[in-house]
Amino acid sequence: MMRMIWLAVLAMAVLLMQAAAAMARPESLAPLANQVSPSVVNITTTTVIEGRTGPQGIVPEGSPFEDFFREFQDRNGNGNGSRPRRSSALGSGFVISEDGYIVTNNHVIEGADEIEIEFFPGTGQPNELLPAKVIGTDPNTDIALLKVEAPAPLKYVKFGDSDTARVGDWVVAMGNPLGQGFSLSAGIVSARNRELSGSYDDYIQTDAAINRGNSGGPLFNMDGDVVGVNTAILSPNGGSIGIGFSMASNVVVKVVDQLKKFGETRRGWLGVKIQDVDADLAEAIGLDKARGALVTDVPDGPAKDAGVLAGDVIVSFDGGEVKDTRGLVRQVGNAEVGKTVRLVVYREGKTETLRVTLGRREDAERGPSRRQDGDGEPGQSEKELLGLSVGVLTDQMRGELNVGEEVEGLAILSVDEASEAWEKGLRAGDVITEAGQQKVTSISELEARVAEAREAGRKSLLLLVRRGGEPRFVALNLAE
């Protein structure tokens, strides 16, 4: 009898828990939509496009029929090809402050001559179109900051912490898809930390419907905070197929703060060329596991001034672990220009701590490309080893390979297609400048590096190879 009573109590408790869970779940997204929709805007841009000056595309330029077609166009009211015409485009955005700052995508307003903001009707915001001015843009993250002057304080939304967004969490996208006006779509976070094409990409992937015109609009969590800016879709037909990308709010916040303060971004710059460390590279340099960012070149800049060398593996930056090259690029870019940071590098079997004063990436990108390499006299011998046929650079080779006189090393003459060297991408015309993290200028030096690695019990040899001036490290198995 008592057992039946306990079973009944347990069943009742389960039913109550299910009922409580059902009550905790929102039956509708309408309250959330009403809360945040006043801050979501349509953006209309107008661009003046210069007209064409003749019947291009109808007959070839200089054709004897050119005058005939021009006269035909004039008679039919199409002879104003030389007059400029206006082109309009639509996008979305959202208000982030009561004094009228608005976030959108850079590609929504790029090249626009006029930008107008429209609030959705019935939200208590201004009914008229408001002209907007561009405060600043960041093409690297596709973010733009606009400003409008409104007759009264505007309703706005706040940024949330995108790092707390979990795969499976509900999200809501708002904007102006396909120019149809205010629209809401719901879905989940499908994936995190997506990278499309940029160095600073950190996209949230969602299956909430995003279409053309949604660009620049907000992606909300269930608390009504912005966790992403809707930027791109993956689609074979231009419409939503459930794969959309929103730039994570934690990236956007930093960009917006800098655009508001300076009208441009100011990212930290270390001044190194880097590549990821794979298992073979880690073994070749004696690193315990594949981690960090391997320095392939150190042009003039902050890192060189601090003593960073090609072949160093950066394992820590400003107190944070460096997992890979993408992580380091973001860590440096987020750091303050002019800040002196601690850089921990793995070098020749031990770690060293260096102090680097960061420069500004934007200044470096505008400046001339600079690279420092060794000097030396070419030799003439050839040799086959490690699946490669190599020879010291000659003047004729330099001309054929477009290699400058300042580059010193061994030219790869051919690669055995059955070798590991071929599998790892080495090709004829590449230039080996270092082996075992030491410069090589002759065949005998390369052979010595191979012998030293074998005597040290290494399974592979680390090569620094240049192609078209760009360096990269390759670890080759010594069994070849």
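**Strand 3 and its partner**

I began with the pairing around Tyr101, and I noted that its bridge partner in strand 6 is Lys147. The model I am reading is a predicted one, and I keep that in mind for every entry below. The two strands, strand 3 and strand 6 (residues 143-148), run antiparallel to each other over five bridges. I then looked up the burial of strand 3 (residues 101-105), and found five of its five residues buried, so I describe this strand as largely enclosed by the rest of the structure.

**The chain as a whole**

I stepped back to the overall counts: the protein has 12 helices and 27 strands, and 44% of its 480 residues count as buried. For the contacts between residues at least 6 apart in sequence, I recorded that 62% join residues at least 24 apart. The exposed area comes to about 24900 Å², and carbon and sulfur atoms supply 49% of that area.

**Strand 12 between two partners**

I next turned to strand 12 (residues 244-248), where five of the five residues are buried, so this strand too is described as largely enclosed by the rest of the structure. I found it paired in the antiparallel sense with strand 9 (residues 203-206) over four bridges, and in this pairing Gln205 stands opposite Phe245. I also found strand 12 paired with strand 11 (residues 226-233), again in the antiparallel sense, over five bridges, with Asn230 standing opposite Ser246.

**Helix 5**

I checked the geometry of helix 5 (249-262) against expectation: at 1.5 Å a residue its 14 residues should span 20 Å, and the C-alpha atoms at its ends are 20 Å apart, which agrees. The buried residues I listed in helix 5 are Ser249, Val251, Val252, Val255, Val256 and Leu259. Around the axis they cover an arc of only 140 degrees, which puts them on the same side of helix 5. I then asked what covers these buried residues, and the cover includes strand 3, strand 5 (130-138), strand 6, strand 11, strand 12 and helix 8 (325-334). Two of the strands from my earlier entries, strand 3 and strand 12, are thus among the elements over helix 5. Just after the helix, Gly263 takes a positive phi of about 80 degrees.

**Arg267, past the end of helix 5**

I followed the chain to Arg267, which is found in the loop between helix 5 and strand 13 (268-269). Is Arg267 buried or exposed? With a relative accessibility of 6%, Arg267 counts as buried, since the cut-off is under 20%. I looked for a polar partner and found that the side chain of Arg267 makes a polar contact with the side chain of Asp138, at 2.6 Å.

**Two residues with positive phi**

I noted Asp142, which has a phi near 60 degrees, a positive value in a residue other than glycine. I logged this because most residues other than glycine have a negative phi. Asp142 is found in the loop between strand 5 and strand 6, and it is buried, with a relative accessible area of 13%. The other entry is Asn193, whose phi is near 55 degrees and likewise positive in a residue other than glycine. I placed Asn193 in strand 8 (residues 183-194), and I recorded it as partly exposed, with a relative accessible area of 39%.

**Helix 12**

I repeated the span check on helix 12 (residues 443-455): 13 residues at 1.5 Å a residue should span 18 Å, and its end C-alpha atoms are 18 Å apart, which agrees. Here the buried residues are Ile443, Leu446, Arg449, Val450 and Ala453. Seen down the axis of helix 12, the buried residues fall within an arc of 125 degrees, so they line one face of the helix. Their cover includes strand 21 (382-385), strand 22 (388-392), strand 23 (410-415), strand 24 (431-435), strand 25 (438-439) and strand 26 (460-467). Gly457 follows helix 12 and has a positive phi, near 80 degrees.

**Arg472 in strand 27**

I closed with Arg472, which is found in strand 27 (residues 470-477) and is partly exposed, with a relative accessible area of 29%. I noted that Arg472 and Lys273 are 199 residues apart in sequence but 8.8 Å apart in space, C-alpha to C-alpha. Leaving aside neighbours within four places in sequence, the residues in contact with Arg472 include Gln275, Thr296, Leu426 and Val465. Which backbone oxygen does the side chain of Arg472 reach at 3.1 Å? That oxygen belongs to Lys424, and I also found the backbone oxygen of Gly425 at 3.4 Å from a polar atom of the side chain of Arg472.

Technical notes. Residues numbered from 1 in each chain as written. Predicted model: local features only at pLDDT ≥ 70, side-chain atom pairs only at ≥ 80, totals over all residues. Heavy atoms only, no water. Buried < 20%, exposed > 50% of the residue type's maximum accessible area, 1.4 Å probe, protein only. Polar contact = N/O pair within 3.5 Å; in protein donor to acceptor, adjacent residues only side chain to side chain. Contact = heavy atoms within 4.5 Å. Areas by Shrake-Rupley, 256 points an atom, 1.4 Å probe, with all protein chains shown as cover. Pairing = 2+ DSSP bridges. Expected span 1.5 Å × (residues − 1). Arc of directions from axis to C-beta.
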